[in-house]
Structures are given as C-alpha cells and as structure tokens.
Amino acid sequence: MNEDITNISWRAPSNIALIKYWGKRAHQLPDNGSLSISLEKTSTTTTLSFKRKLRLEKNISFEYYFHGNRHLRFEKKTERVLNDLIPKMPFLTDYELVFQSENNFPHSAGIASSASSMSALALCLVSMEEIVNRKKLSKDPFFQRASFIARIGSGSASRSVYGGIVSWGNIPFIDPSSDDYATPYLIPKDSRFHQLMDIILIVSSKEKTVSSTSGHALMNDHPYREGRISQANSNMSKMTNAIRNDNYQLIGTIAENEALSLHALLMTSSPEGLLLKPNTLHIIEAIKSFREITGLDLFFTIDAGPNVHLIYFEDQRDSVLPFVQDTLTQFCEDGQWIDDKIGNGPELLTHEIEF
Ligand code: DP6
C-alpha cells in the first residue's frame, strides 16, 4: 500500500421528495423549498483516494471510476462540480484525486442517482478537507458543510446527507432553514414516520429523455412559474402541518398533487417533457382503487421519470405486499421493483482518521 495515499469511503442514500424542488436560480439555489425522505437501501458508495501532487499546478487532477470502470460522462459532470468548488475548497488543486463509485440501483431510471452520488462525493470531500486542514468538525457543522457542498453538485443531493425526513430551502416556518443547505426535520421517537416504507416500481430503467437539470432550466420561462412557486410554498406549509398532526390522508393528497404537478409542468414546458408511460398511469389508477377499497394509509409519488414510488407504513406491509405482487408488478419492466424504507442517513465506511 502506498503510504502517501489516503482513502475515504462514504455510503450516501438516495431520497424521494414529497414536496418537489423544481426550478432554480444561479448557484444552485432552489426556487422553492422541498421535503424528502432519505431511503435506507438505495444508495451510492464512493471512495475518494488522494495524494499530494509532486508539482503544484492550479488545475484539478482526478479520475472517476463507476463500478470499476473509468466513466468519462460522470467524469465530465464531476469536473464541472469540482471546478465550481475550487473557490470553496482551494486545497482541491493541490492533490491527485481518484473517485470510485458504485450504485446499488439502475442509474438514470428516475431514481435520484445524482442525489446519492453527489452527496457521497461531498461527504468524501468534507472528510478530506478535515484531514488536509487538520481540523475536525463536530457533527452538526460537518453535515451542514457536506450539505452545502453537495448542493453545488446537485440540489437534491443537499438533502441526502441526512437520514429521515429532510427539508431544503428557506422556509419561513422551519428553523433553521436555508437555500444554501438542507435541514433534518425532527420526528418524535415514537412517531409512525419511522416506519415509512417505499416500494419503487420500475416502469422503465431506460435513460430519461429530459434530465432533471434541463427540466429545472425549463422553469425559467415557464408560463406557470409564479403559480408553481406559490403552490409549492402552500403545499409545504400544509405538508408540515399534516406531518405534525399525523394526518396521513392529507400527506398523501399533497404528495400526489406535487408529483402530478411536476409532470404537468414538464408537459407544459417548451420543449415539452412527457416522461410518464402508460404503465405509470396504470399503477396510479391501481393504487387509488386499492386505497379506496382498503382505506390503507398509502400514496404514490413520482420524480422526473416514469417510475412510481408507493409510500406506505410498515404496520400495513402484510396487506401491501400481495397487492404489489398480484396487481402492480405486471406493469413493471421485467417485474422489477425495489423494496426500500426510510433510512438513517449516510455512513462513513472507513475509519475516522486521527490527527
Ligand atoms: C424531480 O437535484 O436532480 O427529483 O440540481 O440540477 O442536479 P440538479 O437537479 P436534481 O433535481 C431533482 C428534481 C426532483 C425533485 C426533488 O428531488 O426535489
């Protein structure tokens, strides 16, 4: 082993937004506040290996490997992010960096892979910053810094540095809250929200035709832009009240309204983005009728893709699983679905380095 090389590994979760971030201004600042659930299993693991450059030069030197292979497209995206980070992390140009990253789910399938990958990358960079500056941060400032750095890579990644329910954006009734970084939303110890489950129904694992980043840009001149911002603010206020009051029906109504609004905005963008598939609609219809018949606390949400997240509570799992198997899997690509739940947030996989 080369003594000059330091390795840091973080596993960071994906997240699913109940209140959608859609539209942004300069420097990755959101047009509206968002709220998401961090998942337990669906995650990215990234290892950053770094060593000091022999000759100092003021450019970033790095390589990016995905599942063991050099990945030039991810490398390009990472290069943009690292260059944006130089003013905030000037030490980056003094080291040779190698990132090795793995997802445990199909990427670009409407599952927020940029959230988990940029969050894992940011966590590695903030750990590296501690080491090169020989200054250990305590827990809260560490994760706030990681969220701030992750946001530069991908807005939704700012929320993936925390577990549980997480908000991002300046929201008047959430304190502290900021457009710069996300905030964990405290849920009481005995709350049913610790039992939230998410079944991700893979309608298509094909690459999306509209990336989230280009979708956000479509909001700049969108005729419904102002209306969307006020709708999101009002939904955020209703959603946080509903969570506080354990009003599961209202939580579902708002989450579904957010998902359908996101796609309505996409469809009415110029150029239009039609990402829903016929099977997405079959799944939505089936979930609605199952809820009507059983009265269970479950609802759907969808990100900027065709796949559907079925959100429910663990205490009703015995009724939900047969419904998924018997009714919903027929609408999934090769019957694929991912069994996930609310998670505890990222995990450092290497030892804490002492200094
Ligand atoms: C629909 O965070 O992927 O998933 O900031 O350009 O990387 P960039 O976009 P991204 O957008 C996510 C949009 C969304 C809703 C959400 O997660 O809030």
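**Close-up views of a ligand site, a pocket and a cavity**

**Figure 1. The lining of the second largest pocket mixes residue classes, with 10 nonpolar, 6 polar and 2 charged residues.** This and every other view here comes from a predicted model. The pocket has a volume of about 460 Å³. Its lining is made up of 18 residues, and those closest to the centre of the pocket are Tyr162, Gly163, Gly164, Pro184 and Asn344.

**Figure 2. Helix H3 and strand E9 at the second largest pocket.** Follow helix H3 (139–153) and strand E9 (182–185) here: each supplies at least two residues of the pocket lining. Helix H3 gives the most, with 3 residues.

**Figure 3. The ligand sits in a shell of 17 residues.** If you would like a place to start, look for Tyr21, Lys24, Ser154, Gly155 and Ser156, which are the closest to the ligand. By class, the shell holds 5 nonpolar, 8 polar and 4 charged residues.

**Figure 4. Two domains and one helix contribute to the ligand shell.** Domain 1 (6–186) and domain 2 (192–341) each provide at least three of the residues around the ligand. Among the contributors is helix H4 (residues 212–218), whose 3 residues are the largest share of the shell.

**Figure 5. Side chains of Ser114, His216 and Asp303 approach oxygen atoms of the ligand.** In this view, a polar side-chain atom of His216 lies 2.9 Å from a ligand oxygen. For Ser114, an N or O atom of the side chain is 3.3 Å from an oxygen atom of the ligand. Asp303 also takes part, with a polar side-chain atom 3.4 Å from a ligand oxygen. How much of the accessible area that the ligand has on its own does the protein cover? The ligand has 460 Å² on its own, and the protein covers 96% of that area.

**Figure 6. The largest cavity has a lining of 7 nonpolar residues.** Rolling a probe the size of a water molecule over the atoms shows where empty space is left. The structure holds 1 cavity of 30 Å³ or more, and the space in the largest cavity comes to about 30 Å³. Which residues line the largest cavity? They are Leu18, Phe193, Leu196, Ile251, Phe299, Ile311 and Phe313. No polar and no charged residues appear in this lining, whereas the lining of the second largest pocket includes 6 polar and 2 charged residues.

Definitions and conventions
Residues are numbered from 1 along each chain as its sequence is written. This is a predicted model: local features need pLDDT of at least 70, side-chain atom pairs count only at pLDDT 80 or more; totals for chains, interfaces and linings use all residues. Side-chain values use heavy atoms; hydrogens and water are left out. A residue is near a molecule or strand if one of its heavy atoms lies within 4 Å of it. A polar contact is a pair of N or O atoms within 3.5 Å; within protein, one must be able to donate a hydrogen and the other to accept it, and residues adjacent in sequence count only if both atoms are side-chain atoms. Accessible areas come from the Shrake-Rupley method with a 1.4 Å probe; for residues, only the protein chains shown count as cover. Helices (H or I, at least four residues) and strands (E, at least two) are DSSP runs, numbered from the N terminus. Ala, Val, Leu, Ile, Met, Phe, Trp, Tyr, Cys and Pro count as nonpolar, Asp, Glu, Lys and Arg as charged, and the others, Gly among them, as polar. Domain bounds come from an automatic or database domain assignment. On a 1 Å grid over the protein atoms alone, a cavity is a set of points where a 1.4 Å probe fits but cannot get out, and a pocket is an open set with protein on both sides within 12 Å along at least five of seven lines; lining residues have an atom within 4 Å of a point. Grid points are joined across faces, edges and corners, and a volume is the space filled by probe spheres set on the points.
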